[in-house]
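Hi,

Here is the structure I promised to pass on. Have a look at it first, and my notes follow below.

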Amino acid sequence: MIENADTWTKLKRITKAGFFNFWRNGTVSLASVLVMMVTLLAIGFISFAGAILDTALAELRDKIDVNVTFVPSAKEAEVLEIKQTIESLPEVLLVTYVSREDALEAFKERHKNDQSILSALDELGENPLGAVLNVKARDPSQYASVAQFLESDGTISNGGVSVIDRVNYFENKAAIDRLASIISSADRLGFALTIILAVISMLIAFNTIRLTIYIAKDEIAVMRLVGASMTYIQGPFVVVGVIYGVVAGLITLLMFLPMTYWLGSATESFFAGFNIFSYYVRHLPEMAFIVFFSGVMIGALSSILAIRRYLKV
Amino acid sequence: MILFDRVSKVYPDQSVALDSVSFSIEPKEFVSIVGPSGAGKTTLLKLFLAEERPTEGRVLYGDTDVHTLGKKEINNFRRNVGMVFQDFRLLPNKTVYENIAFTMEASGRTDEEIEQDVPHVLELVDLLPKIWNFPHELSGGEKQRVAIARALVNEPDVIIADEPTGNLDPVNTYDIVQILKRINDLGTTVILTTHNKGIIDSLGKRVIAMEKGKIVRDDKSGKYFN
């Protein structure tokens, strides 16, 4: 027999058959989409959790710094000279200079509702605060050596009397160490959970799709007997799998809107300014890619793997 | 055209389904294969369609041994053989039109050919009004007529009907047999398996009688007898 239909016609037929099968097997399609949706929700929340963890981590890292407070009598030139020295250290990422005046402004701002403190300041007449250098290291573990340098170095002095009032690193050290270890274990735990959850939900989705193909195994046998080729039998099932993925992905992305909106304020107060809703809206293209890609891959691969058993006639 | 050459089939549980069976079928013949359940009729058909491999012997279609064909060639070969089953085996989620169109699509026919041939072949089995119905909306006789239309649409050289009337009442049985006869008159080889005595007697065509995996009688204008 001569095959007259071209590849384009075949592709069109396979796609059309896929859509018809999806639509006509309404209940089965609904069930598969729902299962797939749960999988995609899990994958979505895993990426959210990753983002939350990353942001929280960055936020915590950002909070860790060493403040060098100078005595009020230290001259600005001296302070700036020391700033340069510190900046030249390889471990140091950034040094910010807060002048005495700025420190006073910030102090006033912080206590603007406390009249007694403000009036005490007025009483004092002069600025009691020293200039401050905020030192940020490249890595939390390097603060110790930076602080060591500041504490010990004799060059940072003004005629034998140190201009440095205090270095607050050693006060914060315990807290910093604990945070660092929490962050790293949360990182590891998150990664393990991600893998486990993703694998479980994928297996469930795979099994559901396998079940839908099992239901159609008599049909597949008939198709084999009328001489349909592998591709022609398999094609519509793969199309259906892809449709499951796309539809479930669409529903998942829509469901994330109210979910993240509802969780938004809670995450904002808990994770130091991380609002899951605004994160979602900002990263919608990436999230859409992750969700659709996972859905389509799970759908198509499950179909291909599941149908192979029934094609051996 | 079809030649079974000392074909035996022994299943893995050592049950012998066919025991050195030899016969040939000429083009345009109408052959009935009769015998009790378990005589080996269905095994015979499965071997012919290369659904199963013989333990011994060869099955020839024309000059080719069907069991030496590759996957693709088997598909081509099957498209040349129309099949009708006792349980109809229609695709439940496709309409009558789509069921027949599917066979044509699988053979790589164009949309124009399909649009033209499907109504035509449905007319032949007198089922044009049901073209947009689904199988579950049809009676048993109607389903079998769809199955025959599907078997016919690729203009096969051979039509195999495996107990096509097994699930049908006498009136529908008569209709189906008449349709098969008409198809044969138009020049297509028909192989029919049945254990309906009435059909065989009314046909007056060649009968191969089987029992326990062997051919016990091959009668050119046969009657069904025990």
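Which residue of β3(A) does A:T96 stand opposite? The partner is A:N134. Before the rest, please keep in mind that this is a predicted model.

**The sheet in chain A**

That pair belongs to the ladder between β2(A) and strand β3 (residues 132-137) of chain A, which run antiparallel and are joined by 6 bridges. Both strands sit in an open sheet of 4 strands in chain A, ordered β2-β3-β1-β4 with antiparallel pairing. At its edges are β2 (92-98) and β4 (164-167) of chain A, each of which pairs on one side only. From one strand to the next, the twist averages 20°. A helix covers part of this sheet: α3 (residues 76-87) of chain A lies across β1 (66-70), β2 and β3 of chain A. Relative to β2(A), helix α3 of chain A runs at about 170°.

**Where the chains touch**

In the contact between the two chains, 18 residues of chain A meet 20 residues of chain B. On the chain A side, the elements giving two or more residues are α1 (7-24) and α8 (217-225) of chain A. The biggest share comes from α1(A), with 4 residues. Sorted by class, the chain A side has 8 nonpolar, 6 polar and 4 charged residues.

**Strands in chain B**

Chain B has 7 helices and 10 strands. Of its 226 residues, 47% count as buried. Looking at contacts in chain B between residues at least 6 apart in sequence, 66% join residues at least 24 apart.

A good place to start in this chain is strand β1 (residues 2-10) of chain B, which has two antiparallel partners to look at. One is strand β2 (residues 16-25) of chain B, joined to β1(B) by 6 bridges. Here B:F4 has B:F23 as its bridge partner. These two strands make a hairpin with 5 residues between them, and B:Q14 in the turn has a positive phi of about 70°.

The other is strand β4 (residues 56-61) of chain B, which pairs with β1(B) over 5 bridges in the antiparallel sense. In this pairing B:D5 stands opposite B:R58. From β4(B) you can step on to strand β5 (residues 64-65) of chain B, an antiparallel neighbour joined by 2 bridges. B:L60 is the residue opposite B:D65 there. β4(B) and β5(B) also form a hairpin, with 2 residues between them, and B:G62 in the turn shows a positive phi of about 65°.

**One helix in chain B**

Helix α4 (residues 111-124) of chain B allows a quick check on its length. It has 14 residues, so at 1.5 Å a residue it should span 20 Å, and its end C-alpha atoms are indeed 20 Å apart. Which of its residues are buried? They are B:I114, B:V118, B:V121 and B:L122. The spacing is worth a thought: an α-helix has 3.6 residues a turn, so residues three or four places apart point the same way. The buried residues of α4(B) pack against α3 (96-106) and α5 (140-152) of chain B. Just after this helix, B:D126 takes a positive phi of about 65°.

Happy browsing, and do write back with any questions.

Best wishes

Key. Residues numbered from 1 in each chain as written. Chains lettered and ligands numbered in written order. Predicted model: local features only at pLDDT ≥ 70, side-chain atom pairs only at ≥ 80, totals over all residues. Pairing = 2+ DSSP bridges. Axes fitted to C-alpha atoms, helices over the stretch in contact; angles between N-to-C directions. Contact = placed C-beta atoms within 7 Å. Nonpolar A, V, L, I, M, F, W, Y, C, P; charged D, E, K, R; others polar. Buried ≥ 20, exposed ≤ 12 C-beta atoms within 10 Å, placed from the backbone. Expected span 1.5 Å × (residues − 1).
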